[in-house]
Amino acid sequence: MAAAMGEIEDKLAELRQTFRSGITKSGAWRKNQLRALIELLQDNEDKIFKALHQDLGKHPVETYRDEIGLIKKSAKYALSCLDKWMAPKKRRLPLLFFPASGEVVSEPFGVVLICSAWNFPINLALEPLIGAIAAGNTVMLKPSELAVECASFLAETIPLYLDCKAIKVTNGGVDVCEQLLQQKWNKIFFTGSPRVGSIVMSAAAKHLTPVTLELGGKCPAILDTLSSPLDIKVTVKRIIGGKFASCNGQVCVGVDYILVEKKFAATLIESLKTTIKKFYGENPKDSKSISRIINEYHFERLRKLLKDPLVADAIVHGGLLDKENLFIEPTILLDPPLDAEIMTEEIFGPILPIITLNNIQESIEFINSRPKPLAIYAFTKDETFKKQIVSGTSSGSLIFNDTLVQQLCDVLPFGGVGQSGIGRYHGHYSFETFSHEKAIMQRSFFLELEPRYPPWNDFKMKFLRLAYDFDYFNLLLLLLGLKR
């Protein structure tokens, strides 16, 4: 352990030295690193496909959609916008400060720590790295040790493409994480569970280090009654895509449960069953298009959720478990007990509870009675109901009539609120997350405002009142002696 601590301290010392040299602040360096990252992805597609299949059983198409393609898109977007993001932002100053000018300059925090998660081990490592590079920081990247092959790939490949004095990868388990958190960083970016997020935040607080926490929670899908068969078909496909077709439910923004009116539940269940068969065949276990559970610990965690007798009684589809192959069949539940663990904790797996309501309007109160989710998905054509959901709920994001698409959009912030996270990233928001916005104001020696200084008197009080009220007309009269 002492050797590992020494290695971490040596890496950190080199990162600090590199940042102090100023090289990472130049636009040319940042662009070169982003281009190198794109090249890394292009050159190593087959290796990434293989690593993700070994870690999670992901199909190459799923891997390209959620990992390689998405990160290439993000890196190219950052590259195309970098000059604009880096440019000082001019600010108009009130007349009170004349003659003066003001601007906001984005500067890098310094040496940052990025701790990524195992469910999207390439995406969740490289997406924040893009922001950290674009903002001009040096970076220590800690991939999740649970995605063993992907962590090994990142550690071996990143130094071959990126500046190894400015961007380093450290692999290891809980002990390495603890050692990293003992160090002083200028920023920590963590993706993972709320439980570990609180540990990260506590460690950061000792050094007053700013943190971004990308956590999770139970993301509901509100399903209003839809009259069109086509609308129902599209809705069900998007719900299944947002639950099972992305890492087999092991995703923080995945649909955790569905809220629907009782009268529509039977139709919904039959549509879900039909679409699951269409996506994965009669025997999903034989499908190459469905990921497996990451390890035995998480398999057992999910198995225990299903083995609760009252939860088991709620199964209306699926329920097959294969521990040897770490496979759990897409499973649908109807009205499991609301106090069961499956309805109080994030599921993070291929189990989809359906909760029935007398009236879909009750969904707002249902959601508000629980911790704020990372996302809310609502399928409805009712514009009044949409406005009620917007104003009546709080979540990291709110998506109408689709699932998961918000994470593909570079111009919208991605992040949680409350227990689902602190801060946001993607696109320009990543640049802002890893930057300090420094206010710069320049004034002239001309036109000194004496009312700023003692000795105080009635004239100076009148001057300050008018100045702070932006009453420049009467202020001018006061200065000309035309107003008392």
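Which residues are buried in helix α17 (residues 458-468)? In this model, which is predicted, the buried residues of the helix are K460, F463, L466 and A467. When α17 is viewed down its axis, these buried residues fall within an arc of 130°, so they line one face of the helix. An α-helix has 3.6 residues a turn, so residues three or four places apart point the same way. On the other side of α17, by contrast, D458, R465 and Y468 are exposed. The cover over the buried residues of α17 includes a further helix, α18 (472-479).

The helix just described belongs to a protein chain whose secondary structure comes to 18 helices and 18 strands. The chain has 484 residues, of which 52% count as buried, and its C-alpha trace spans about 90 × 60 × 40 Å along the principal axes. Among the contacts between residues at least 6 apart in sequence, 71% join residues that are at least 24 apart.

Empty space inside the structure was examined next. Rolling a probe the size of a water molecule over the atoms shows where empty space is left. The structure holds 3 cavities of 30 Å³ or more, and about 130 Å³ of space lies in the largest cavity. This largest cavity is lined by 14 residues, and the closest of them to its centre are F120, N123, L124, Q407 and F414. Two elements, α4 (60-86) and α5 (123-135), give two or more residues each to the lining of the largest cavity. In terms of residue character, this lining divides into 8 nonpolar, 4 polar and 2 charged residues.

The second largest cavity contains about 60 Å³ of space. Its lining is formed by S74, Y77, A78, W85, E127, I130, G131, A134, D410, G427, S430 and F431. At least two residues of this lining are supplied by each of α4, α5 and α16 (428-433). The lining of the second largest cavity divides into 6 nonpolar, 4 polar and 2 charged residues.

L124, one of the residues closest to the centre of the largest cavity, is also in contact with T191. T191 is found in strand β6, which comprises residues 187-191. With a relative accessibility of 6%, T191 counts as buried because its value lies below the cut-off of 20%. When neighbours within four places in sequence are left aside, the residues in contact with T191 are C115, S116, A117, L124 and E214.

C115, which is among these contacts of T191, leads to the question of how the cysteines are arranged. A disulfide is a covalent bond between the sulfur atoms of two cysteines. With a cut-off of 2.5 Å between the sulfur atoms, the count in this structure comes to 0 disulfides. C115 is accordingly in no disulfide, and the nearest cysteine sulfur, that of C177, is 5.6 Å away. The residue C115 is itself buried, with a relative accessible area of 10%. A second cysteine, C219, has its closest cysteine sulfur in C252, at 7.2 Å, and this separation is too far for a bond. C219 also counts as buried, because its relative accessibility is 0%.

Terms used
Residues are numbered from 1 along each chain as its sequence is written. This is a predicted model: local features need pLDDT of at least 70, side-chain atom pairs count only at pLDDT 80 or more; totals for chains, interfaces and linings use all residues. Side-chain values use heavy atoms; hydrogens and water are left out. On a 1 Å grid over the protein atoms alone, a cavity is a set of points where a 1.4 Å probe fits but cannot get out, and a pocket is an open set with protein on both sides within 12 Å along at least five of seven lines; lining residues have an atom within 4 Å of a point. Grid points are joined across faces, edges and corners, and a volume is the space filled by probe spheres set on the points. Helices (H or I, at least four residues) and strands (E, at least two) are DSSP runs, numbered from the N terminus. Ala, Val, Leu, Ile, Met, Phe, Trp, Tyr, Cys and Pro count as nonpolar, Asp, Glu, Lys and Arg as charged, and the others, Gly among them, as polar. Buried means under 20% relative accessible area, exposed over 50%, partly exposed in between (1.4 Å probe, protein chains only). Contact means heavy atoms within 4.5 Å. The arc is that of the directions from the helix axis to the C-beta atoms.
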